[in-house]
Amino acid sequence: MEQADRDPVVVLSLAEFERLQDVDDQHWAACARKANVEGYIDHDHEVRQRLAAAMKDKRLACIKKGPRFDHH
């Protein structure tokens with residue numbers, strides 16, 4: 001039952017609570033195993049790599065276009 005201005009409350013048996021904790025532990029263990037195989041995410045490194053790639057692409061695009069001369 002929810003009351004105004006209060007968080008709802010859920011009552012579980014201890015066995016169900018422990019089962020849910022096991023499910024959660026298994027999920028995070030699977031995530032860790034996947035990261036060990038695929039590699040971990042390093043947010044700062046990823047941002048630096050993407051920025052460097054974007055800057056390189058922009059430089060290459062400028063080189064390919066060559067200098068612009070307006071002929072009037």
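Here is a short walk through this predicted model, one selection at a time.

Start with the whole chain. Its secondary structure comes to two helices and zero strands. Colour by accessibility and look for the core: of the 72 residues, just 1% count as buried. The chain exposes about 7,600 Å², and carbon and sulfur atoms supply 57% of that area.

Next, select helix α1, residues 14–38. Most of the remaining stops touch this helix, so keep it in view.

Show R19 and E16 as sticks. Their closest N and O atoms sit 2.9 Å apart, making a salt bridge. Both residues belong to helix α1, three residues apart, or about one turn of the helix. R19 is partly exposed because its relative accessible area is 42%, between the 20% and 50% cut-offs. E16, at 27% relative accessibility, is partly exposed too. Don't hunt for further pairs: a search of the whole structure finds one salt bridge.

Now switch to a surface view and pick V10, L12, L14, F17 and L20. Together they form a nonpolar surface patch with about 490 Å² of accessible area. Zoom in on L20, which lies in helix α1 and counts as partly exposed at 37% relative accessibility.

For the last stop, select E18, D22, D24 and D25. What kind of charge gathers in this patch on the surface? It is negative. Click on D22 to finish: this residue is in helix α1, and with a relative accessible area of 44% it is partly exposed.

Technical notes:
Residues are numbered from 1 along each chain as its sequence is written. This is a predicted model: local features need pLDDT of at least 70, side-chain atom pairs count only at pLDDT 80 or more; totals for chains, interfaces and linings use all residues. Side-chain values use heavy atoms; hydrogens and water are left out. Patches are made of residues with over 30% relative accessible area and no salt bridge: like charges are joined within 9 Å, nonpolar side chains (Val, Leu, Ile, Met, Phe, Trp, Tyr) within 5 Å. Accessible areas come from the Shrake-Rupley method with a 1.4 Å probe; for residues, only the protein chains shown count as cover. A salt bridge is a side-chain nitrogen of Lys or Arg within 4 Å of a carboxyl oxygen of Asp or Glu. Lys and Arg count as positive and Asp and Glu as negative; His and the chain ends are not counted. The place of a charge is taken as NZ of Lys, CZ of Arg, CG of Asp or CD of Glu. Helices (H or I, at least four residues) and strands (E, at least two) are DSSP runs, numbered from the N terminus. Buried means under 20% relative accessible area, exposed over 50%, partly exposed in between (1.4 Å probe, protein chains only).
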